[in-house]
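User: Could you walk me through this protein? I'd like to start with one residue and its surroundings, and then work outwards.

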Amino acid sequence: MTKITNCDDVFATLSVSGDIYLFTLPSADEHWKEKKERWPDIKPQRVWVPRGQLNAAKDVSLGMDSAVVLCTVSGHVFVRTRNLKAPILSMSSTPHKAFKFHRIPSLQRVIKVTANSAGGFAAIRVDVPRLPIATTGNTLAEDIGSLLPHFLLPYRDLSDGNGA
């Protein structure tokens, strides 16, 4: 695991391969009163599986109501939200997922994400460096001077009244 983050009692871990796992810890009072065991059972749930090398998660953060915000190696940002189309009891043969990841379309080249328990999130983006454009040949002034030679005549100072 390369990163562990939490929000309230929900924890998220980021693996080296780009997978994201979520788990919750039982509160200490509930655990010691009910089970009397030394260590609680922690069952992580894998919520992000990369499909290809560029979809591997690079950074992850948790927000309000277990919202997961992540950025991938390719620089895209995904937010996990509750799937409103998924019925509570499905009668069809295909299971519906309760949560779904949505890509934020206006964010690219993101290297870091963060979220808070109030519902806000932020992303740090790296802009493409602008390299100077090397020009060769004449400048604009030289080209205009070759077309209009009277602009290249020496400047005469007429302020002294001797305008020769």
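User: What is Leu-70 in contact with, leaving aside its neighbours within four places in sequence?

Analyst: In this predicted model, and with those sequence neighbours left aside, Leu-70 is in contact with Ile-20, Trp-48, Ala-57, Asp-59, Val-60, His-76, Val-77, Phe-78, Phe-101 and Val-113.

User: And which residues touch the most other members in the largest nonpolar core?

Analyst: Leu-70 is one of them, together with Ile-20, Leu-22 and Leu-62, in a core that has 14 residues. The elements that give two or more residues to this core are strand S2 (10-14), strand S3 (20-24), strand S4 (45-48), strand S5 (57-62) and strand S6 (68-72).

User: Which residues are in the second core?

Analyst: That second core is separate and has eight residues, including Val-69, Cys-71, Val-77 and Val-79. As a general background, nonpolar side chains in soluble globular proteins tend to be buried together.

User: Let me pick another residue. Where is Ser-61, and is it buried or exposed?

Analyst: Ser-61 has its place in strand S5. Ser-61 counts as buried because its relative accessibility is 5%, and the cut-off for buried is under 20%.

User: Which backbone nitrogen lies 2.9 Å from a polar atom of its side chain?

Analyst: It is the backbone nitrogen of Ala-115 that lies 2.9 Å from a polar atom of the Ser-61 side chain. Ala-115 also appears among the contacts of Ser-61 when neighbours within four places in sequence are left aside, and the others in that list are Thr-5, Ala-67, Val-68, Val-69, Val-113 and Thr-114.

User: Now the overall layout, please. How many helices and strands are there, and in what order do they run?

Analyst: The protein has two helices and ten strands, and from the N terminus on, the elements run β-β-β-α-β-β-β-β-β-β-β-α.

User: How are the strands put together into sheets?

Analyst: One open sheet is formed by four strands in the order S1-S2-S3-S4, with antiparallel pairing. Its edge strands are S1 and S4, each of which pairs on one side only, and neighbouring strands are turned by 30° against each other on average, if direction is ignored.

User: Can you give me some detail on the pairs in that sheet?

Analyst: Strand S1 (residues 3-7) pairs with S2 in the antiparallel sense over five bridges, and Lys-3 stands opposite Leu-14 in S2. The hairpin of S1 and S2 has two residues between the strands, and in this hairpin Asp-8 takes a positive phi near 60°. Further along, three bridges join S3 to S4, which also run antiparallel, and there Tyr-21 stands opposite Arg-46 in S4.

User: What is the order of the strands in the open sheet that holds S5?

Analyst: That sheet has four strands in the order S5-S6-S7-S8, and the pairing is antiparallel. S5 and strand S8 (99-103) are its edge strands, each pairing on one side only, while neighbouring strands are turned by 25° against each other on average, direction ignored. Within this sheet, S6 and strand S7 (residues 77-82) pair over four bridges in the antiparallel sense, and Cys-71 has Val-77 as its bridge partner in S7.

User: Last topic: what share of the protein is buried, and how much area does it expose?

Analyst: Buried residues make up 24% of the 164 residues, and the protein exposes about 12800 Å², of which carbon and sulfur atoms supply 57%. As for contacts along the chain, among those with a separation of 6 or more, 40% are between residues 24 or more positions apart.

Methods:
Residues are numbered from 1 along each chain as its sequence is written. This is a predicted model: local features need pLDDT of at least 70, side-chain atom pairs count only at pLDDT 80 or more; totals for chains, interfaces and linings use all residues. Side-chain values use heavy atoms; hydrogens and water are left out. A nonpolar core is a set of buried Ala, Val, Leu, Ile, Met, Phe, Trp, Tyr and Cys residues joined through side-chain atoms within 4.5 Å. Buried means under 20% relative accessible area, exposed over 50%, partly exposed in between (1.4 Å probe, protein chains only). Contact means heavy atoms within 4.5 Å. A polar contact is a pair of N or O atoms within 3.5 Å; within protein, one must be able to donate a hydrogen and the other to accept it, and residues adjacent in sequence count only if both atoms are side-chain atoms. Two strands pair if DSSP finds at least two bridges between them. Accessible areas come from the Shrake-Rupley method with a 1.4 Å probe; for residues, only the protein chains shown count as cover. Axes are lines fitted to C-alpha atoms, for helices over the stretch in contact, and angles run from 0 to 180 degrees between N-to-C directions.
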